[in-house]
Amino acid sequence: MRKMKNSGIEWIGEIPEDWEIRSFKIHFQLEKGLSITKENLIETGYPVISYGQIHSKKNFGTKVNDSLIKFVNNEYLKTSQHCLANKNDFIFADTSEDTDGIGNFIFIDRARPIFAGYHTIIARPTNIYFPKYYAYLFYADCWRNQLRSYAAGIKVFSITKKLPSHTNIINPPKTQQVAIANFLDEKCALIDRLVERHQKVIEKLKAYRQSVISEAVTRGLDPDAPMKDSGIPWIGKIPEGWKIDKIKYISKFNPGCSRHFERHESVGYLPMECLKHGYMTPLKTEYEKITSALTCFEDGDIVLAKVTPCFENGNISIAQNLENHTGFGSSELFVFRCSGYETRFLFYIFQNSNFMNECISTMTGTGGLKRVSSDFIRNCRIPVPDLQLQQQIADYLDEKCAKIDRIIHDKEQIIAKLAEYKKSIIYEYVTGKKEVPAS
């Protein structure tokens with residue numbers, strides 16, 4: 001049994017007697033990434049990793065995943081060499097949409113340098129022995145909590161370039177750094193393979209869900225129904241008894257509130273992250289004053305995010321069980337209120353991947369933040385069967401999608417448990433609570 005000592009730091013607790021606590025700034029130099037936006041990314045060129053890729057579910061932090069690499073013009077090599085991350089460097093995201101993402105990073109484990117992109121910070125090791133050990137230390141919540149205690153923001157959290165310098169790191173003896181990193185490489189690779197296997201199943205299930213929706217809302221439930229050309233490329237053929245109509249004739253667009261609210265009255269607010277794929281999480285206990293910048297919706301309305309990347313992620317829901325039957329969100333929401341048509345049928349039309357691609361093609365905006373055109377979505381023509389068939393299709397999709405969603409949920413729960421297990425073993429070994437078994 002190894003001897004332990006009090007580290008003197010709350011987030012660490014006890015560490016082995018021969019380990020040290022040191023300041024981050026002694027062992028790392030910090031640089032900012034490129035001052036670019038998504039518009040500067042191209043299909044080929046020099047590799048770059050920006051904050052979006054760092055926050056990706058495909059990023060395990062301790063190694064570079066090829067699928068996360070984007071590209072910028074080679075001209076940046078002439079002007080921004082200081083933004084290149086070399087082997088054993090770390091690229092941290094400097095912004096996050098939630099506290100869990102504060103401290104997310106990628107460890108550069110390959111010889112060819114990679115540009116650190118927009119909203120990133122490069123941490124360059126100076127006098128540390130085995131950088132891979134620190135990749136596992138930075139993965140652990142016990143280290144990230146230091147950053148979280150300093151991060152600024154309410155809905156988006158930011159860390160400055162100097163902020164990591166205020167943290168402390170654990171410094172084991174050299175041989176133990178190597179042993180811990182190699183041990184965790186093996187254990188975490190096994191966990192990552194299991195996670196990847198479940199992720200692939202989830203992606204297949206999501207693709208199947210999309211195909212079920214697309215088939216039902218454009219071709220109906222009778223495979224033998226006589227078909228006709230819709231005259232619209234993204235729709236293709238539709239059953240002969242169906243018509244084509246514009247969305248604005250099927251539902252009211254951004255209809256507002258049916259009850260009166262006093263200007264500057266405090267109301268419940270729906271942050272964008274509460275609008276999920278097909279449902280709303282409970283509205284947070286956030287309140288805002290009524291202004292023209294807020295979008296009103298009521299029970300039974302379809303609420304759809306119009307801004308990227310939320311639109312592509314399928315941030316859409318039918319509002320229900322709202323306090324006072326009314327909710328408010330940002331101006332980045334579209335609201336649809338059906339009358340004489342089945343709301344759920346339009347709800348599934350909006351989830352048709354072909355419809356979504358048409359909307360994406362109309363997006364405008366700069367700085368990486370693009371929005372679906374309101375004129376396009378109001379005037380977009382969609383296939384419409386009679387009301388009874390709309391309800392039958394909606395009932396069918398409710399049942400079918402619920403089954404698929406339950407399987408996806410179960411898989412996501414398994415992934416969450418694996419992630420927690422991974423965090424726990426990393427914490428136990430990088431802080432010395434457990435000792436690497438002798439080989």
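Which residues of α4 are buried? In this predicted model, the buried residues of α4 are P131, K132, Y133, Y134, A135, Y136, L137, F138 and Y139. Since nine of the nine residues of α4 are buried, the helix is largely enclosed by the rest of the structure. Within α4, Y134 and F138 are four residues apart and are therefore separated by about one helical turn. Both Y134 and F138 are buried.

The neighbouring element to be considered with α4 is helix α5, which comprises residues 141-150. The axes of α4 and α5 come within 5 Å and cross at roughly 65 degrees. At this crossing, L137, F138 and Y139 of α4 meet D141, W143 and R144 of α5, and the residues of the contact divide into four nonpolar, no polar and two charged. The buried residues of α5 are C142, W143, R144, Q146, L147 and R148, so that W143 and R144 appear both among the buried residues of α5 and among the residues that meet α4. The packing partners of the buried α5 residues comprise the helices α1 (24-27), α4 (131-139) and α11, together with the strands β8 (90-93), β10 (105-107) and β14 (168-171).

Aromatic side chains recur in this region. The structure holds 29 aromatic pairs, among them that of F92 and F105, which is tilted, with 5.6 Å from centre to centre and 40 degrees between the planes. Because F92 lies in strand β8 and F105 in strand β10, this pair ties together parts that are 13 residues apart in sequence. F92 and F105 are both buried. A further pair is formed by Y134 and F138, whose ring centres are 6.5 Å apart and whose planes stand at 45 degrees, so this pair, too, is tilted. Ring pairs link F92, F105, Y134 and F138 into a cluster that also includes F24, F28, F90, F107, Y133 and W143. Of the cluster members, F138 and W143 also take part in the contact of α4 with α5.

Helix α11, one of the elements against which the buried residues of α5 pack, runs over residues 387-430. At 1.5 Å a residue, its 44 residues should span 64 Å, and the separation of 61 Å between its end C-alpha atoms agrees with this expectation. The N-terminal end of α11 is capped by D386, a side-chain oxygen of which lies 3.1 Å from the backbone nitrogen of Q388. After α11 comes G432, whose phi is positive, near 80 degrees. The C-alpha atom of Q388 is separated by 72 Å from that of T175, with their positions 213 residues apart along the chain. T175 belongs to helix α6, which covers residues 174-219, and at 64% relative accessibility it counts as exposed.

A contrasting separation is given by Q351, which is placed in the loop between α8 (343-349) and α9 (353-361). The C-alpha atoms of Q351 and Q210 are separated by 7.5 Å, although these residues are 141 residues apart along the chain. With a relative accessibility of 2%, Q351 counts as buried.

Two further buried positions were examined through their surroundings. S7 is found in the loop between β1 (4-6) and β2 (14-16), and its relative accessible area of 14% is under the 20% limit, which means that S7 is buried. The side chain of S7 reaches two backbone oxygens, that of I9 at 3.2 Å and that of G13 at 2.5 Å. When residues up to four places away in sequence are not counted, S7 touches I12, G13, E14, I15 and I21, and G13 thus appears both in this list and as a partner of the S7 side chain through its backbone oxygen.

T326, in turn, lies in strand β24, which runs over residues 326-329. At 11% relative accessibility, T326 counts as buried. Leaving aside neighbours within four places in sequence, T326 is in contact with C257, R259 and F261 and also with C296, F297 and E298.

Technical notes:
Residues are numbered from 1 along each chain as its sequence is written. This is a predicted model: local features need pLDDT of at least 70, side-chain atom pairs count only at pLDDT 80 or more; totals for chains, interfaces and linings use all residues. Side-chain values use heavy atoms; hydrogens and water are left out. Helices (H or I, at least four residues) and strands (E, at least two) are DSSP runs, numbered from the N terminus. The expected span of a helix is 1.5 Å times one less than its number of residues. A polar contact is a pair of N or O atoms within 3.5 Å; within protein, one must be able to donate a hydrogen and the other to accept it, and residues adjacent in sequence count only if both atoms are side-chain atoms. Buried means under 20% relative accessible area, exposed over 50%, partly exposed in between (1.4 Å probe, protein chains only). Contact means heavy atoms within 4.5 Å. Axes are lines fitted to C-alpha atoms, for helices over the stretch in contact, and angles run from 0 to 180 degrees between N-to-C directions. Ala, Val, Leu, Ile, Met, Phe, Trp, Tyr, Cys and Pro count as nonpolar, Asp, Glu, Lys and Arg as charged, and the others, Gly among them, as polar. Rings of Phe, Tyr and Trp (its six-membered ring) pair if their centres lie within 6.5 Å; planes under 30 degrees apart count as stacked, over 60 as edge-to-face and the rest as tilted.
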